[in-house]
Structure formats: structure tokens, C-alpha cells
Amino acid sequence: MTDTFRFTVAATDGAARTGEIRMPRGVIRTPAFMPVGTAGTVKAMYPEQVKALGADVVLGNTYHLMLRPGAERVARLGGLHAFMQWPYPILTDSGGFQVMSLSGLRKLDETGVTFQSHIDGTAHVLTPERSIEIQGLLGSDIQMQLDECVRLPADEAAIAKAMRLSLRWAERCRIAFGEQPGKALFGIVQGGDIPALRIESAKALVDLDLKGYAVGGLAVGEPQATMLAMIETVEPHLPMTKPRYLMGVGTPDDIIEAVRRGIDMFDCVMPTRAGRHGMVYTRHGRLNLRNARFAEDNTPLDPESTCPAANLYTKAYLHHLVRAGEILGMMLLTWNNLSYYQDLMAGLRRAIAEGRLADFIGETREGWARAERDRAGR
């Protein structure tokens, strides 16, 4: 393997690119989708299943793991990789998203964030330095700066204030991170839906010469068109030689459009959360298996899929499991969804390498549309 962090681009198709990140714990093929393992587990999945589907990296969350079971405890038990039986790369979110999503339970100032635990109400202080310390105790391979994420829509003054605070925190994170051979610190571009603020953020972060750059503060309530416009605004100001990560995104269509615009890495709870609630993603679009029309549908989700959850079990059986609240239903639908997402990423990588990304996107969309037409005609 390697004892360094190295990103290479193997091929491009327009702004889209395919390549790999090489790290001591493995190779991340890009574009990459990272299954979300917030609390040290990808919900309803065994780690070996996640790897077998094609995932090269999973995501853990600093905020949740610092509360339970605690970063120091995880470190004493050998680190997050050993704790969750995932010997491959792990990226940890800094806890910044919870600054937004748990805004009723926190107080924010220049120093950092004081959280009230959503579990037991106890107070915890998360500063840029403490966030990096926790990520180090967990043993994270790719660590994210602490930032303030603003839910859109918001007024420009609030967006600017949060973006500039995030930049100051990024500098503190870089100092706290220091030199960690084989590991990486990523900065997070903020600026809401204001192009000038996005550009200011990107340029300042690039000056810090970090190993990679994320685009944060999107998929937080804005239309897809706004998200894509912000990616187009930021992309020219990020180095071609470093990976780009769009945080918390998204639907298959979001991912396709972001890859087309030069994004390399994604994470989202959507495939796992949807699977636990009866929703599946397939080559034939999205299906809600709670619907009564599947009660006697004796066909599999996708006979051409290599995933047993998709090619072996019938929609009628999966419908029954979902309606009965059986745990197996959650497991099978999550398995199917993560399989679909990883197959989509593999298809995007091949298409970029072959210079046929536009054709692949067209074929993928036609598969979704054809299924919709068929269902409408029934």
C-alpha cells in the first residue's frame, strides 16, 4: 500500500473525473459514495456486506461518537477501525452539521460550540481543537474541520458570519491537526447560496493547502438548481490535484449531476434511512414497498442485480416484511439500496474512463423514466 495520502486523476470527461485516493488503509476509487456509519455502524448492515458491495470508505460522526461510547473509550479499545471491524479508510464528520441540526441544544461563539446532549442533557464543549483531538482518538483517516453550517434560506449577513467563523476554525483545525503522515484534513467551503461568499471561502481554504476540500452547507433545504449552481461557482477555485467532497448528498440524480460538475466524494443517509422505511432505489427508479400494489407482486426488485436482496426476494415478500415491521425487511432493503448506490458509482467511474458519461447518464435516466411510464400505464 502506501504510507502517504495521495490523490490521482486517471481520466476526465468534461469536468467529471475518475481516479483514486491512496492511503495506508486502502484505496478509495473516485467518484466514491461513502455509506454513513454515524455511530460506528452502517445501520442494518454487516461491515463485510458493506465492503462486498464496493464501498472503499465509510463515514463516522464525531458528535455522536464523543457522546456514546466516548472517543477516549474507543481509543482504549483500539480505535474505531478495530471497534467496528472495518479495517479500511474511515472519514469522520467534525460535528459541524449538528451545530445546525441541533441548534436548539447548543450555544455557539468564537471558541466553539457548547452542546446539550440529546441523549441525557449533559453539556459538552466542542472546539476546533477538541474536534480534531476526538477524530484522532477515533483513528480517523480523513478528518473534517469544524464548521458552522447554516440552513437555507438564510439572510446574507448570517451566511457571511458563519462562513468567516468557519474559516477561522479551519486555521485552528490545521494547527491542531499538524503533520499526520498517511492521514488528511479536509476544509469545508461554506457561503450558503451567495456566490461571492462561496468563492471567498474556497480561496481562503486553498491558501491553507489542505489535503482535500469539501463543499458543505448544501442539501439543507435549497432546490437542486441552487446546489448545482454553487458547485459550478466553487469548482474553478479548487485545485484539480485534490479531492472534492460534496457533503450530505444525496439522491442518485443529485450524485449524477454533481459528478458531471467535478465532485469526487459523497455521503448521505438516504439509502440506509429509506431502506429502513420501506423505500428502495433500483435501476427502475424508486419504489415504496409499503404500497398495496406490491402485495402480490411475485417478481424481484431487479433480476439483473448481483445483490441477493434485489434478485432473490420478491416484492410481495419484501412488502410483507415492511408492513409487518420485521427487522429482516429493513436489512434487505438497506442492502439493496447500498448495492444500487455502489453500482451507480462503479458505472459512473467506467463511463468517465471510457469518455461516455453523457450516454451513461442518459441511459440511467431512461431506465428510471421507462419504469415510470410502465407503472403509469398499468
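Here are a few friendly notes on one helix and some charged pairs in this predicted model.

1. Start with helix H14, which covers residues 327-354. Its 28 residues reach 41 Å from first C-alpha to last, close to the 40 Å expected at 1.5 Å a residue. The helix is mostly covered, with 20 of the 28 residues buried. Just after H14 comes Gly355, with a positive phi near 70 degrees.

2. Now look at the charges. Side chains of opposite charge can pair when their charged atoms come close. The structure holds 22 salt bridges, and three of them are worth finding on your screen.

3. One joins Arg25 to Asp141, with the closest N and O atoms 2.8 Å apart. Arg25 sits in the loop between strands E2 and E3, while Asp141 sits in the loop between helix H6 and strand E10, so this pair links distant parts of the chain, 116 residues apart. Is each partner buried or exposed? Arg25 is partly exposed at 33% relative accessibility, whereas Asp141 is buried at 2%.

4. Another salt bridge brings together Glu110 and Arg168, at 2.8 Å from N to O. Glu110 lies in the loop between strands E7 and E8 and Arg168 lies in helix H7, so the pair ties together parts 58 residues apart in sequence. Glu110 is partly exposed at 40%, and Arg168 is partly exposed at 39%.

5. Finally, Arg365 pairs with Asp253, their closest N and O atoms being 2.6 Å apart. Because Arg365 is in helix H15 and Asp253 in helix H10, this contact ties together parts 112 residues apart in sequence. Which residues share a network of salt bridges with these two? They are Glu232, Glu257, Arg260 and Arg261.

Technical notes
Residues are numbered from 1 along each chain as its sequence is written. This is a predicted model: local features need pLDDT of at least 70, side-chain atom pairs count only at pLDDT 80 or more; totals for chains, interfaces and linings use all residues. Side-chain values use heavy atoms; hydrogens and water are left out. Helices (H or I, at least four residues) and strands (E, at least two) are DSSP runs, numbered from the N terminus. The expected span of a helix is 1.5 Å times one less than its number of residues. Buried means under 20% relative accessible area, exposed over 50%, partly exposed in between (1.4 Å probe, protein chains only). A salt bridge is a side-chain nitrogen of Lys or Arg within 4 Å of a carboxyl oxygen of Asp or Glu.
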